[in-house]
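Let's walk through one part of this fold, strand by strand, and then stop at a charged residue. Have the sequence and the 3D view open side by side.

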Amino acid sequence: MADIVSKEQRSRMMSGIKSKDTKIEISIRKALFSNGFRYRLHDQKLPGKPDLVFPKYKAVIFINGCFWHGHNCQLYTEPKSNTEFWRAKIERNRLNDIKNMISLQKKGWRVMNVWECSLRNRTISEIESVIESLTDWLRSSESFCEVRR
């Protein structure tokens with residue numbers, strides 16, 4: 001099926017999507033801050049510029065959008081137009097995610113990925129459960145964790 005908006009309008013719409021300080025990121029940041037965790041945002045010195053950096057715990061958290069990072073869940077659907085471009089872009093993002101995670105772990109950082117699908121359209125108790133998983137992981141010594149639906 002062809003796109004229902006013009007190419008220029010679609011480009012404008014896609015470029016307007018925020019890459020940081022998203023609603024989900026802000027809700028996680030607020031919850032962790034209220035639980036006493038202090039962090040840095042988008043540290044450019046670290047591979048992949050993690051969304052949250054916890055130097056005290058030698059841990060980083062990436063909060064990934066399911067579409068942009070090609071998560072295998074119900075929120076990711078391959079675009080119907082300009083398919084080659086999107087397929088290549090999503091694959092590049094996936095490879096960069098893996099490369100950044102390996103690089104961070106080699107430097108001694110612990111890495112957590114939180115997928116958008118784990119928080120989007122969830123009840124308060126489900127969101128609280130995800131936040132509890134985050135706080136438990138931060139206090140643990142596990143090197144990697146992933147929160148997904």
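## The E2/E3 hairpin

In this predicted model, strand E2 (residues 52-54) pairs with E3 in the antiparallel sense, over 3 bridges. If you want a spot to zoom in on, Leu52 stands opposite Ile61 in E3.

The two strands make a hairpin, with 4 residues between E2 and E3. Look at Lys58 in that turn: its phi is positive, at about 50 degrees.

## On to E4

E3 has another partner in strand E4 (residues 110-115): the two run parallel and are joined by 6 bridges. To get from E3 to E4, the chain passes through helix H3 (residues 83-106), and this β-α-β crossover is right-handed. Ile61 turns up again here, with Met112 as its bridge partner in E4.

## How covered is E3?

Strand E3 spans residues 59-64, and 6 of its 6 residues are buried. That goes for both faces: Ala59, Ile61 and Ile63 sit on one side, while Val60, Phe62 and Asn64 sit on the other.

## Asp51, a buried charge

Now for the charged one. Asp51 lies in the loop between strand E1 (40-41) and E2. What is the nearest side chain of opposite charge to Asp51? That would be Arg29, 6.9 Å away. A salt bridge has to be within 4 Å, so Asp51 is buried yet has no salt bridge.

Leaving aside residues up to four places away in sequence, Asp51 touches Ile61, Phe62 and Ile63, residues that are themselves buried in E3. Its other contacts are Glu25, Arg40, Leu41 and His42.

Technical notes
Residues are numbered from 1 along each chain as its sequence is written. This is a predicted model: local features need pLDDT of at least 70, side-chain atom pairs count only at pLDDT 80 or more; totals for chains, interfaces and linings use all residues. Side-chain values use heavy atoms; hydrogens and water are left out. Buried means under 20% relative accessible area, exposed over 50%, partly exposed in between (1.4 Å probe, protein chains only). Two strands pair if DSSP finds at least two bridges between them. A crossover is right-handed if, with the strands pointing away from the viewer, the path from the first strand over the helix to the second runs clockwise. Lys and Arg count as positive and Asp and Glu as negative; His and the chain ends are not counted. Contact means heavy atoms within 4.5 Å.
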